[in-house]
Structure formats: structure tokens, C-alpha cells
Amino acid sequence: MTTTAAARATSLATSASPIPVLEARGLVKRYGHVTALDGADFLLLPGEILAVIGDNGAGKSTLIKALSGAVIPDAGEILLDGKLVHFQSPLDARRQGIETVYQDLAVAPAMNIAENLFLGRELRRAGPLGSVLGMLDKRRMLSEATSHMQSLKIGIRSMKQAVETLSGGQRQGVAVARSAAFARHVVIMDEPTAALGVKEGNMVLELIRRVRDRGLPVILVSHNMPHVFEVADRIHIARLGKRSCVVNPKGISMSETVAVMTGARRPEDLPPEALA
Amino acid sequence: MASSSSTSSTVVGTAIPAPRIIDRLPPIGTLGPLVALAVACAFFASQTSRFLAGQNFSLILQQVMVVGVVAIGQTLVILTAGIDLSCGMLMALGSIVMTKFATDLGLDPYLAIGCGLLSSTAFGYLNGALITFVKLPPFIVTLGTLNIAFAVTQIYSQSQTVSDLPDPLLFFGRTFRVGETEVTYGTVLMLALYAVGWFVLRETAVGRHVYALGNNAEATRLMGIPTQRMLRGIYTVAGLLYGIAGLLIVARTGVGDPQAGQTDNLDSITAVVLGGTSLFGGRGAILGTLVGALIVGVFRNGLTLMGVASVYQILITGILVILAVATDQLSRRRG
Ligand SMILES: Nc1ncnc2c1ncn2[C@@H]1O[C@H](COP(=O)(O)OP(=O)(O)O)[C@@H](O)[C@H]1O
Ligand SMILES: [Mg+2]
């Protein structure tokens with residue numbers, strides 16, 4: 001798996017710049033007197049894990065929300081596969097294949113895993129039972145949920161288990177699996193390991209890699225530097241509502257990255273191998 | 001099976017114990033009400049021989065049918081983590097509109113019934129609109145419409161009972177025979193409505209969305225489900241059900257009574273809670289509500305047959321409600 005990632009990273013470096021999956025130029029978002037985004041740029045390449053880091057208030061969440069349709073920017077443009085898009089709602093973005101794992105997990109605790117995976121995208125039975133009576137195909141949803149969770153190697157025995165009976169890491173697994181199942185373009189994750197212990201955090205990192213290895217690019221918002229350096233192919237540093245720079249985790253240290261993030265060091269002063 | 005070349009077996013959750021037997025049993029919330037109903041029936045059967053008669057069961061169903069239908073609407077609302085205090089008054093309003101329209105206005109009885117149903121439904125929509133557009137809490141909204149509907153009913157009827165009703169308004173009070181037992185058409189309608197509610201909530205996407213909405217409204221919205229529109233729809237359908245209950249109470253009593261429905265909000269909430277549905281929303285089942293309504297009906301009936309005064313019946317109902325909520329809470333803490 002690490003070899004795939006490395007191969008992909010070199011192919012990214014050598015090939016003539018591929019069409020970005022998701023790109024944003026000059027995004028502006030104001031809340032009254034507060035400018036959350038002040039001309040932010042963004043670029044996501046095919047098949048990469050792009051970490052987005054930044055101090056509190058740097059505009060990470062607002063950027064992510066603009067990319068996932070939850071916030072409509074005041075100015076700037078967003079391009080998906082090189083084409084201009086205007087998301088009016090999270091549903092809009094999801095229809096275009098952008099799935100988001102929200103920080104507060106967006107699951108229905110009393111409902112079972114299969115129901116959560118298919119929430120809002122339920123499968124109906126074939127024939128008039130489905131088309132006239134609207135009957136759900138519970139059996140198919142259960143079996144598809146099972147095989148999907150198995151393919152991501154999320155070890156949960158029964159898809160009929162209520163989500164509230166799962167551990168924090170397993171719940172995160174369900175949320176990630178749901179996104180991975182339906183995303184055609186991008187998976188966005190906001191602080192997916194923040195609420196987890198060390199062991200479960202590592203399990204989720206592994207899961208993120210697995211999603212990337214299926215060919216889906218992942219945007220990972222995180223405060224956890226070791227996690228970021230462990231999985232990210234590139235690191236987008238947000239600062240004061242803008243993109244400060246994008247660094248290459250293999251060419252820069254954690255402390256230097258934090259220095260750029262906090263403004264203690266200017267991105268212009270970084271050595272060329274540090275930038276990505 | 002797995003597309004990845006990794007050697008590690010599972011990513012998340014290697015150490016889950018196999019599900020225990022106790023986890024596979026239906027939660028107490030589902031089974032408890034049925035057991036309670038069975039115990040109550042066994043108890044009253046041992047106390048009085050009249051309890052087990054087929055005709056007595058038919059009577060219990062008739063006594064339960066009005067609040068039973070109201071409680072379907074209440075269940076839908078409570079599943080979304082809401083509450084509807086206006087239900088009994090919307091029912092009374094509907095029954096007064098249909099009886100006055102059919103008698104005073106001399107409207108075609110079926111049209112009059114339609115108008116009655118429509119007035120309850122419109123108030124239901126008003127509940128939903130105030131909750132979703134103005135973002136007011138359901139408790140406050142339905143407390144307000146409770147009073148408005150009550151006042152409208154009193155003003156319009158001048159607090160007078162409406163009698164001499166045409167036949168179609170009384171149809172659901174009529175009976176047919178099953179063997180020895182007389183069954184009212186109203187009972188059949190109530191059971192049919194429960195069957196429809198059960199099917200929709202259990203087997204259709206809309207039904208599952210009702211549960212999701214009560215579980216985590218924000219998550220449901222983020223999954224692209226139009227939660228606000230759904231809420232308006234649910235309060236509106238609840239209003240229609242209260243209108244149908246209005247038709248049933250007219251058929252059962254033979255008159256349009258402006259004083260009807262004053263305890264139906266608490267009675268229906270009692271049935272919902274006894275039936276194992278959580279007042280916090282997102283958990284429960286519609287057939288539980290039917291069982292809950294039957295529990296109340298069986299206790300009232302059995303205690304009456306035993307000659308127990310009605311204040312004691314109310315006392316026992318109160319104890320039952322607290323017991324039901326307590327068992328529910330305890331069963332959730334299990335595991
Ligand atoms: N809905 C909002 N209303 C008002 N101010 C907001 C809102 N969302 C974000 N902000 C402000 O915009 C700035 C950037 O916020 P945010 O994008 O959440 O940053 P981050 O996620 O990097 O901490 C902050 O100053 C924050 O207070
Ligand atoms: Mg944030």
C-alpha cells in the first residue's frame with residue numbers, strides 16, 4: 001500500500017500536471033465584519049490525500065464547507081474536473097460525487113449500520129412493490145452494506161447492529177464507509193480522528209489510506225500533526241483566510257510546518273524541496 | 001474480496017465480542033408492552049368471568065378506537081422528537097365542523113365529513129408551519145393551537161351539542177357480526193390505519209426518514225432529506241388522523257360534542273409511552289402504541305367490571321406511565 005502511494009506521488013511529480021479533481025480560486029466568505037475566507041485558493045489532485053491544516057480561525061472549516069456546498073462563497077470560483085460548479089447545498093455537491101464526513105459524525109444512533117449507510121439513498125424492491133408501494137429492499141441493503149464494509153476491512157459482524165452500540169472508531173468507520181461508498185470524486189473529512197484514542201485513530205488513518213488506494217482523493221482536515229505527516233501526500237496550510245502554501249511532508253519537518261502555520265516563518269523562506 | 005494488498009485483517013474494531021443472546025432479543029421497549037397487556041388480561045380474567053367474553057373485547061376496542069386513532073398521529077409526531085398537545089382539540093373541531101355543516105348548513109354529508117377532515121388537517125399544517133418556518137418549539141405551538149381550536153370550536157358551536165345527524169356520519173359506529181361478537185366498522189378502520197402506519201414506518205424510505213429525523217435531525221438534513229418539509233407533512237397527516245378520530249367519536253356517540261377531546265392529548269401520549277416509544281424521538285413502533293392504548297383500555301374496562309371507582313383507574317394509569325418510562329430508561333442503560 002505504501003508503495004502504491006509512493007508510486008502515485010512520483011507519477012504526480014513527473015507527469016505533466018494532471019487535471020485537478022477539485023480547484024478553487026479566490027474564495028471569499030464574510031460573516032458581518034469577520035472575513036472567514038479572504039481570497040483562498042485550493043487544489044486537489046487525483047488520487048492524493050491532501051491534508052488541510054491551520055490555526056483556529058484560519059478558515060479551514062469555511063473552506064471545506066464551500067467545497068462541500070454547505071456554505072455559498074461571496075466571491076471566487078470552484079471547479080470540479082476543470083468545470084465550473086456552483087453548489088447551492090450539500091445535496092448539490094453530493095450529487096456531483098463529493099461526500100463529506102462531518103466532524104460530529106452525522107449518524108442516526110438508534111438505526112442500524114445498513115440503514116445509516118443507505119440513509120437518503122435507500123434501495124427499493126424491484127417491481128410494483130418498490131415502485132408503487134415504495135417498499136425497501138432491506139435484504140439487498142444488508143448484503144451490500146456487509147460486502148462494502150468487508151472490502152474496507154471494517155470488522156463489524158452484523159449490519160443490523162444499532163450504530164449506538166459501536167465504539168467511537170467503529171462509528172467513524174461507518175461514516176467513512178458511507179462516504180466512500182457513494183463518493184465518485186472526492187471524500188472530505190473534517191477532523192476524523194479528533195475524538196478517538198490512539199489505537200482507533202490509527203485504524204481510521206489506515207481506513208483513509210484504503211479509501212485513497214481505491215482511487216478516491218481525500219481532503220483531510222486535522223489538527224493532529226503526526227497523523228497529517230503519516231498519511232498526507234501534500235499539506236495545504238491555511239492562514240488568515242488564505243492559502244499560505246502547500247508543503248511536501250517528505251521535504252519539511254513538523255516544527256517548520258507549524259512555524260509556517262502560525263506565521264513564525266514565511267513560506268517564501270522555505271527551501272524548494274519543502275514545497276509541493 | 002478486498003481490493004487492497006494490505007496484510008492486516010481488519011482496520012476498525014478487531015475486538016468486538018460476539019453478540020450476546022440478550023442483544024438479539026427484541027429490546028424491552030418492544031416486548032414489554034405486549035407482556036404487560038397479556039399479564040393485565042390474565043389478571044382481569046382471573047378476577048371476573050365477564051372479562052373474557054368476546055363481546056367485552058369488542059367493547060374494549062370500541063372504547064379504545066378514538067384515542068387509538070389520535071395516538072397514531074401522536075406517535076408520528078413523537079417519533080420526530082416533537083409533541084402534539086392540540087390533538088384532542090383538532091379532533092373536536094373536526095367533529096363539530098362535519099356535524100354542523102351536515103345539519104345546519106344542510107351540506108351533503110360526505111362533503112361535510114370532507115370539510116371536517118380538512119379543518120383538522122389545516123390546523124395540523126399550521127402546527128407544522130409554525131414549527132418549521134417560525135422555528136417555535138412543538139410544545140408551545142401546539143399549546144397555542146390547542147387553545148385556538150378549542151375557542152373556535154366553542155364559538156362556532158355556541159357550546160351546543162349537535163344532534164340529528166345523517167346516516168353517513170354514523171356509519172363507523174355500526175356493527176357487523178363475527179360469530180357471536182359484534183364488531184364496529186370504526187374498530188376495523190382503526191386497525192386498518194395501524195396497519196398502514198406500520199407498513200409505511202417499517203418498510204418505506206419515508207418511514208425510515210421519520211426515525212432518522214427523530215434520531216439526529218441535522219444528520220438527516222445533511223444526507224439530503226428535506227427534514228423541514230417532512231415535519232410539515234407529519235404534523236399535517238397527524239391533523240388528518242385527528243379529523244378521522246373526530247368522525248369516529250361522532251359515530252360512536254351519535255352527536256357532535258364541542259366538549260369532546262379534552263383529555264385526548266394526555267391519553268394519547270400515555271398510549272405512546274406505554275407502547276414503548278421514546279419521548280426523545282427516533283425510537284419506538286406504531287404497533288406498540290396500539291398495545292399501549294389497549295393496556296389503558298383493558299385496565300379501565302377490567303377495573304370497571306371489578307367495581308373499582310374511576311379515580312382509582314386514573315391513579316393506576318399514572319403509575320403505569322411512570323413504570324413504562326422507567327423500564328424504557330433502564331433497558332437503554334443495559335449493555
Ligand atoms: N457562521 C459563522 N458566523 C460568523 N462567523 C463565522 C462563521 N463561521 C466562521 N466564522 C468566523 O470565520 C473565521 C474562520 O472560521 P473557520 O472557517 O471555522 O476557521 P477554522 O475552521 O480554521 O478554525 C473565524 O474567525 C470564525 O469565527
Ligand atoms: Mg474548524
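Is B:Asp164 buried or exposed? Select B:Asp164: at 71% relative accessibility, it counts as exposed. The cut-offs are under 20% relative accessible area for buried, over 50% for exposed, and partly exposed in between, with a 1.4 Å probe and protein chains only.

**Before you go on**

This is a predicted model, in which local features need pLDDT of at least 70 and side-chain atom pairs count only at pLDDT 80 or more, while totals for chains, interfaces and linings use all residues. Residues are numbered from 1 along each chain as its sequence is written, chains are lettered from A and ligands numbered from 1 in the order in which they are written, and side-chain values use heavy atoms, with hydrogens and water left out.

**Stop 1: two loops**

Stay on B:Asp164. The residue sits in the loop between helix 6 (138-157) and strand 1 (175-178) of chain B. Helices (H or I, at least four residues) and strands (E, at least two) are DSSP runs, numbered from the N terminus. Check the backbone: B:Asp164 is not a glycine, yet its phi is positive, about 55°.

Now jump to A:Glu191. Here too a residue that is not a glycine has a positive phi, about 50°. Its loop runs between strand 7 (186-190) and helix 8 (198-213) of chain A. A:Glu191 is at 10% relative accessibility, so it counts as buried.

**Stop 2: chain A as a whole**

Colour chain A by secondary structure. You should find 10 helices and 10 strands. Along the principal axes, the C-alpha atoms of chain A fill a box of roughly 65 × 40 × 35 Å. The radius of gyration of chain A is 19 Å, which agrees with the value near 19 Å for a compact globule of 276 residues. That radius is taken over C-alpha atoms, and the globule rule is 2.2 Å times the number of residues to the power 0.38.

Of the 276 residues in chain A, 53% are buried. Next, look at contacts, meaning heavy atoms within 4.5 Å. Take those in chain A between residues at least 6 apart in sequence: 66% join residues at least 24 apart.

**Stop 3: two buried residues in chain A**

Select A:His236, in strand 9 (residues 234-239) of chain A. Its relative accessible area is 2%, so A:His236 is buried. Show its surroundings. Leaving aside neighbours within four places in sequence, its contacts include A:Asp41, A:Phe42, A:Leu50, A:Arg243 and A:Cys245.

Move on to A:Val174, in helix 7 (residues 168-182) of chain A. This valine is buried, at 1% relative accessibility. What does A:Val174 touch, not counting residues up to four places away in sequence? The list is A:Ile113, A:Asn116, A:Leu117, A:Met149, A:Ile156 and A:Leu166. Then draw a distance to A:Val107. The two residues are 67 apart along the chain, and their C-alpha atoms are separated by 8.5 Å.

**Stop 4: chain B as a whole**

Switch to chain B. Its secondary structure comes to 13 helices and two strands. Buried residues account for 51% of its 335 residues. Among contacts in chain B between residues at least 6 apart in sequence, 76% join residues at least 24 apart.

**Stop 5: B:Leu294**

Select B:Leu294 in helix 12 of chain B. At 17% relative accessibility, this leucine counts as buried. Leaving aside neighbours within four places in sequence, B:Leu294 is in contact with B:Leu37, B:Ile60, B:Leu61 and B:Val64. Now draw a distance to B:His209, 85 residues away along the chain: the C-alpha atoms are separated by 27 Å.

**Stop 6: the second largest pocket**

How much space lies in the second largest pocket? The volume is about 610 Å³. Of its 25 lining residues, B:Gln63, B:Val67, B:Asp267, B:Val296 and B:Arg300 are the closest to its centre. Helix 3 (54-79), helix 10 (227-253), helix 11 (264-274), helix 12 (286-305) and helix 13 (310-333) of chain B each give two or more residues to the lining.

A pocket here is an open set of points on a 1 Å grid over the protein atoms alone, where a 1.4 Å probe fits, with protein on both sides within 12 Å along at least five of seven lines; lining residues have an atom within 4 Å of a point. Grid points are joined across faces, edges and corners, and the volume is the space filled by probe spheres set on the points.

**Stop 7: cysteines**

Finish with B:Cys41, buried at a relative accessible area of 19%. B:Cys87 is also buried, at 0% relative accessibility. How many disulfides does a search of the whole structure find? The count is zero over all chains, where a disulfide is a pair of cysteine sulfur atoms within 2.5 Å.
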